[in-house]
Amino acid sequence: MEMTQKTTVQDGTGDAAAPRGELPDAQAVADSSRPELGSVELELAGVNKVYQARRGRVEALRDVNLSIRRGEFVSLVGRSGCGKTTLLRILSGLLPPSSGSVTANGQSIWRGASRNDEALKQVGLVFQEANLFPWFTIAENIGLPLKLRGVDRKARAERAEELCDLVGLRGFEGAYPRELSGGMRQRAAIARALSARPSILLMDEPFGALDALTRDKMNLELQSIHAATGATVVFVTHSISEAVFLADRVVLLTPRPGRIRSVTSVSLDRPRSADTEASAEFQQIVRGLRVELDEES
Ligand SMILES: Nc1ncnc2c1ncn2[C@@H]1O[C@H](COP(=O)(O)OP(=O)(O)O)[C@@H](O)[C@H]1O
Ligand SMILES: [Mg+2]
């Protein structure tokens, strides 16, 4: 069986080859180990972003088209400055697109420049920095999104405990962020993002500040969390091997302006392990993407 199916995007056609609303590589997905992928959950159509900076205009994204299915894990890779964070901020309601549409389960996230908070209830966010409140315990930090939604203290504590189990922080509910390692703080940030049971998890280089060993461990953990929650994940990284290890599809962005260059399906069996990374298929996919990245500069 073909291990990868790649769609290379021609000028201006975005998500390559398929009519909107249909996964371009639906066949590859159906053939893979993830037959349970559901309907389209997240959809970007004709998304453009231009920053009006003091030193002039920066075209950060041009005509980005992408449909992501429920439960799918999509990695977004590309050089620094190619618009990965911009794209994630648009998806997460932090930054309006200049034009184009972004929908989560059919609900528009943006109506012009105003954000639709109802649609964003389905979305959880994790950044490179954990951004925990130092004066709150880990459980309190994890429960914060629930507090903002009016969930009572007891239910918050229960959910925090459940999530500490899920992310490997059992026993640290009452600890303070300063008492945790960087990797553990990132686990807490993931737990916090999951607290309100979002169906979509957006992650911007969540392990970028961690050492290599911790990062490998976190990738395994994230894989388990993804399997346990069934969440749809958009994961930004500049590590190609990390992107491939985790993803059902890898989306490669090119800089200035940021646009989708290619979408690569990764149909390696799950769960993946260190053996996966040693496999010829894995290395072939990684090599192919590296070549593409190199062609960009
Ligand atoms: N607030 C901003 N104002 C002006 N330009 C910006 C702003 N944020 C990002 N940019 C520019 O947009 C481009 C994409 O940035 P970004 O999305 O942060 O890329 P990445 O996350 O891939 O490194 C870069 O050229 C960057 O300099
Ligand atoms: Mg970034």
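Of the 297 residues in the protein chain of this predicted model, 44% are buried. The chain folds into 10 helices and 13 strands. Among its contacts with a separation of 6 or more, 68% are between residues 24 or more positions apart.

A good place to begin the tour is the sheet. It is an open one, built from four strands in the order 3-2-5-6, with antiparallel pairing. Strand 3 and strand 6 (107–108) stand at its edges; each has a single partner strand, so one side of each is left without a neighbour in the sheet. Helix 2 packs on this sheet, where it touches strand 2, strand 3 and strand 5. The direction of helix 2 makes about 60° with that of strand 3.

The pairings within the sheet can be followed strand by strand. Strand 2 and strand 3 are joined in the antiparallel sense by 10 bridges, and the two form a hairpin with two residues between them. In this pairing, Ala 53 has Gly 56 of strand 3 as its bridge partner. Strand 2 also pairs with strand 5, again in the antiparallel sense, over five bridges; here Ala 45 has Ser 101 of strand 5 as its bridge partner. Strand 5, which covers residues 99–104, is in turn paired with strand 6 over two bridges in the antiparallel sense. Thr 103 is matched there with Ser 108 of strand 6.

The loop between strand 5 and strand 6 holds Asn 105, a residue with a positive phi of about 50° although it is not a glycine. Asn 105 counts as partly exposed because it has 15 C-beta neighbours inside 10 Å.

Next comes the ligand. The residues around ligand 1 are Tyr 51, Ala 53, Val 58, Ala 60, Gly 78, Ser 80, Gly 81, Cys 82, Gly 83, Lys 84, Thr 85 and Thr 86. Which elements each supply at least two residues of this shell? They are strand 2 (40–53), strand 3 (56–69) and helix 2 (84–91). Helix 2 gives the largest share, three residues. Sorted by class, the shell has five nonpolar residues, six polar and one charged. Ala 53 thus appears twice in this account, as one of the residues around ligand 1 and as the bridge partner of Gly 56 in strand 3.

Further along the chain, strand 9 (residues 123–126) offers a view of alternating side chains. In a regular strand the side chains alternate between the two faces of the sheet. In strand 9, Val 123 and Leu 125 point one way, while Gly 124 and Val 126 point the other way. Are these residues buried or exposed? All are buried. Strand 9 runs parallel to strand 10 (residues 200–204), and four bridges join them. One of the residues pointing the first way, Leu 125, has Leu 202 of strand 10 as its bridge partner.

The loop between strand 9 and helix 4 contains Asn 131. This residue also has a positive phi, about 50°, without being a glycine. Asn 131 is partly exposed, because 13 other C-beta atoms lie within 10 Å.

Helix 4 (residues 138–148) packs against helix 6 (residues 182–194) at an angle of about 35°, and their axes are 7 Å apart. The crossing of these helices is right-handed. From helix 4 the contact draws on Ile 138, Asn 141, Ile 142, Leu 144 and Pro 145, and from helix 6 on Ala 188, Ala 191 and Arg 192. By class, the contact residues divide into six nonpolar, one polar and one charged.

Thr 229 belongs to helix 7 (residues 212–229). Thr 229 is partly exposed, because 17 other C-beta atoms lie within 10 Å. Thr 229 and Arg 197 are 32 residues apart in sequence, and in space they are 8.5 Å apart, C-alpha to C-alpha.

Two cis peptide bonds complete the picture. Most residues other than glycine have a negative phi, and most peptide bonds are trans. The bond from Arg 256 to Pro 257, however, is cis, with omega near -10°. Pro 257 sits in the loop between strand 12 (249–254) and strand 13 (259–266). The bond from Arg 270 to Pro 271 is cis too, with omega near -5°, and Pro 271 occupies the loop between strand 13 and helix 9 (274–278).

Conventions
Residues are numbered from 1 along each chain as its sequence is written. Chains are lettered from A and ligands numbered from 1 in the order in which they are written. This is a predicted model: local features need pLDDT of at least 70, side-chain atom pairs count only at pLDDT 80 or more; totals for chains, interfaces and linings use all residues. A residue is near a molecule or strand if its C-beta atom, placed from the backbone, lies within 6 Å of it. Ala, Val, Leu, Ile, Met, Phe, Trp, Tyr, Cys and Pro count as nonpolar, Asp, Glu, Lys and Arg as charged, and the others, Gly among them, as polar. Two strands pair if DSSP finds at least two bridges between them. Two residues are in contact if their C-beta atoms, placed from the backbone, lie within 7 Å. Axes are lines fitted to C-alpha atoms, for helices over the stretch in contact, and angles run from 0 to 180 degrees between N-to-C directions. A residue is buried if 20 or more other C-beta atoms lie within 10 Å of its own, exposed if 12 or fewer, and partly exposed in between; C-beta atoms are placed from the backbone. A crossing is left-handed if the near helix is turned anticlockwise from the far one by less than a right angle, and right-handed if clockwise.
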